Amino acid sequence: MNNANPSWPEFTPADFERFRQLLLEKSGLLFDQNRQPVMQTVIQERMHVYGLREYSAYYRLLEATTQSLDQSAQNGMSRELRRLVESLVINETAFFRNREHFRVLSETVLPDLIQRKIATKKLRFWSAGCSTGQEPYSLAIATLEALQKAGQIPSAWQIEVVGSDISDRALRIAQHGRYRNEEMRGLNPDQIRHYFRPLTSDAVLTAPLDPNEIYRPGFSPLPRPRQRATNELVPEIRQMVDFFFFNLATSVYPADKLNNFDLVLCENVTIYFSPEITRKVVENIYKTINEGGYFFIGYSETLWQVSDRFKLINMPETFYYQKPFAGELDKLRSSRPRTTNNLGKHHPTTKLRERDAVKPLQWPGNPQQPTTSNLWPVNPRSRSGLTGKLQKSRSGEAGMAGDEKGLSDQLDNMNWQELLAQGQKLVAEYRFEKASSYLEKALSKAPEEVEALCALADLKLKMSEYSTAAELCRKAISLDRLAEPAHLMLAMINHKEGHLDEAIQEFKHTIYINPRAVVAYIRLADIYRTNGYPKEALREYRQALVALKQHSPDELVEGVPVRLLIQACEQNIARLTQLR
């Protein structure tokens, strides 16, 4: 037990598969092959606690202490299995995270619920996957503010917010309701003043100027403590929220705790689940929501091929769902086409179209002039050949129409793989306008091919058509939760548009899928560095260096030589180390 670095036996693919299947069965979490090194490290840490040296012994420990999902008081997860899971998943949250969601909550959803519940004066919400509590507390604060704006007396209302999570550690933090200054991002000064009370001072205590008072014979040296400022939520907010451990993958939800919700937030949770578990989770959540209640999921998630029971509501900058009122569901389903669900059995569902995206997917008839990428330099050649010759004679236009017809016939005669390959070749040559024709045609022939969706999303991102690119990424993720390029592009879009919390989450999803995702590490580090989180920035730059050194110096990553990226990371690490 004293050996901090024991020589572990080889963690074979067979070992990984055994633990992977156990985690899938008991927690619903789906771990890709890329997660094998992370799982190995975490399992070794847990084995070290028990003094175990064989993976089979730890597996037997998990198996012996874990009961079935339906019988266990802890949703089929033993204490040790919960420890393992909380070490494997990412708990990233913040107050009023997903700003557009909270904006529409404050401006539209909460006023609607308040108006509908004016007689009973009761509202009941659920934050599923609440992590360390910032989301349910944000919801409580937003509700009080909405009541005040509606001219209501908050104390006359019964507000219940349920927060659940699969991590005991995160729940303990949430229940205390105490957060350091660096964890208060997302709150404005008025909210901090009204809903929190300081527990410590911001001041740093220093030693007195007189050296004789620092140390005198026979007396202890004067301490120089540095207090970290901590803030505690006021009782009014804390009493509104009830936290409890819950595994969303449980087959049956407890009716006494999970029922009659007017609103459910389940953001960036199902992305870790298998498609089959996701469908069960969403169906169970549906049953807990009152008619006319609302359902919010993460920006990178969708209900396409998951559930057709909710009504989608599109807003200019976001989207969310509503459980139909009585009689609405049949009408809603009858208006949708039938299609094949390739994630499981064949059953009626819906196409993406205008339902599951921030904005309807629109293929531009006149592709716009692309601009440089927000992340990496774009070759100046990208501008050549794209300006077009706008001053055409009528005969020239007629000839161009003939050329377009010839191209259309050529595209019709190619299969989607050929179209994809040619389109990607044209993108590499910065011939974006022509590439768009090939990639759009490829997608029309194979609308559920993740590779085609990601290729077109990449093109739209390069052309600064962010809403279209984001929609394509979400559709790709709905088909394959582990679609790394889609998560990375969605992170880039959120970063470009200033949605930093969402960008951080998507970059972390990318790293979760691929622990060697160089771009994700660097961009995540840049976000932390520029927003005053040096410790986190250092961690990500160092991880980026590890990943970069597995490439040759002249290899290009997003058009930039690896040696230059290594140099940039080392310079940032040096600067950040000096600041500590």
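Let's start with helix α21, which covers residues 534–548: it has 15 residues and reaches 21 Å from its first C-alpha to its last, close to the 21 Å expected at 1.5 Å a residue. Keep in mind as you look around that this is a predicted model. Several residues of α21 are buried, namely Ala 537, Leu 538, Glu 540, Tyr 541, Ala 544, Leu 545, Ala 547 and Leu 548. It helps to recall that an α-helix has 3.6 residues a turn, so residues three or four places apart point the same way. Now find Lys 535, which also lies in helix α21. Is Lys 535 buried or exposed? Its relative accessibility is 59%, and because the cut-off for exposed is over 50%, Lys 535 counts as exposed. Follow the chain on to Thr 577: Lys 535 and Thr 577 are 42 residues apart in sequence, yet their C-alpha atoms are 8.9 Å apart in space.

Now zoom out for a moment. The protein chain has 22 helices and 12 strands. Of its 580 residues, 52% count as buried. If you take the contacts in the chain with a separation of 6 or more, 71% of them come from residues 24 or more positions apart.

On to the strands. One open sheet is made of 3 strands in the order β3-β5-β4, with antiparallel pairing. Its edge strands are β3 (178–180) and β4 (196–198), each of which pairs on one side only. From one strand to the next, the twist averages 30°. As a reminder, strands of a sheet pair through backbone hydrogen bonds, either parallel or antiparallel.

Take β5 (residues 230–233) and look at its partners. On the β3 side, 3 bridges join the two strands, which run antiparallel. Arg 180 has Thr 230 of β5 as its bridge partner, and Tyr 179 stands opposite Asn 231. On the β4 side, 3 bridges again do the joining, and β4 and β5 run antiparallel. Here Arg 197 is matched with Glu 232 of β5 as its bridge partner. Where do the side chains of β5 go? Thr 230 and Glu 232 point one way, Asn 231 and Leu 233 point the other way, and all are buried. That fits the general pattern: in a regular strand the side chains alternate between the two faces of the sheet.

There is also a sheet of 7 strands, likewise open, in the order β6-β2-β1-β7-β8-β10-β9, and its pairing is mixed. At the edges stand β6 (241–245) and β9, each with a single partner strand, so one side of each is left without a neighbour in the sheet. The twist in this sheet averages 20° from one strand to the next. Helix α7 (residues 168–176) lies across β2 (158–165) and β6, running at about 165° to β6.

At the other edge, β9 and β10 pair in the antiparallel sense over 4 bridges. One residue to pick out there is Leu 312, whose bridge partner in β10 is Tyr 321. Tyr 321 turns up again among the aromatic pairs, of which the structure holds 22. Its ring pairs with that of Phe 310 in an edge-to-face arrangement, 6.4 Å centre to centre and with 65° between the planes. What does this pair tie together? Phe 310 lies in the loop between β8 (289–297) and β9 (311–314), while Tyr 321 lies in strand β10 (residues 319–322), so the pair ties together parts that are 11 residues apart in sequence. Both Phe 310 and Tyr 321 are buried.

A few more rings are worth a look. Phe 11, Phe 19, Tyr 55, Tyr 58 and Tyr 59 are linked into a cluster by ring pairs. The charged end of Arg 53 sits over the ring of Trp 8, 5.3 Å from its centre. Elsewhere, Lys 323 lies over the face of Tyr 286, at 4.3 Å from the ring centre.

Finally, find Asn 284 in helix α11 (residues 275–288). With a relative accessible area of 10%, Asn 284 is buried. Leaving aside residues up to four places away in sequence, Asn 284 touches Thr 250, Ser 251 and Tyr 253.

Conventions:
Residues are numbered from 1 along each chain as its sequence is written. This is a predicted model: local features need pLDDT of at least 70, side-chain atom pairs count only at pLDDT 80 or more; totals for chains, interfaces and linings use all residues. Side-chain values use heavy atoms; hydrogens and water are left out. The expected span of a helix is 1.5 Å times one less than its number of residues. Buried means under 20% relative accessible area, exposed over 50%, partly exposed in between (1.4 Å probe, protein chains only). Rings of Phe, Tyr and Trp (its six-membered ring) pair if their centres lie within 6.5 Å; planes under 30 degrees apart count as stacked, over 60 as edge-to-face and the rest as tilted. A charge sits over a ring if NZ of Lys or CZ of Arg is within 6 Å of the ring centre and within 35 degrees of the ring normal. Two strands pair if DSSP finds at least two bridges between them. Axes are lines fitted to C-alpha atoms, for helices over the stretch in contact, and angles run from 0 to 180 degrees between N-to-C directions. Contact means heavy atoms within 4.5 Å.
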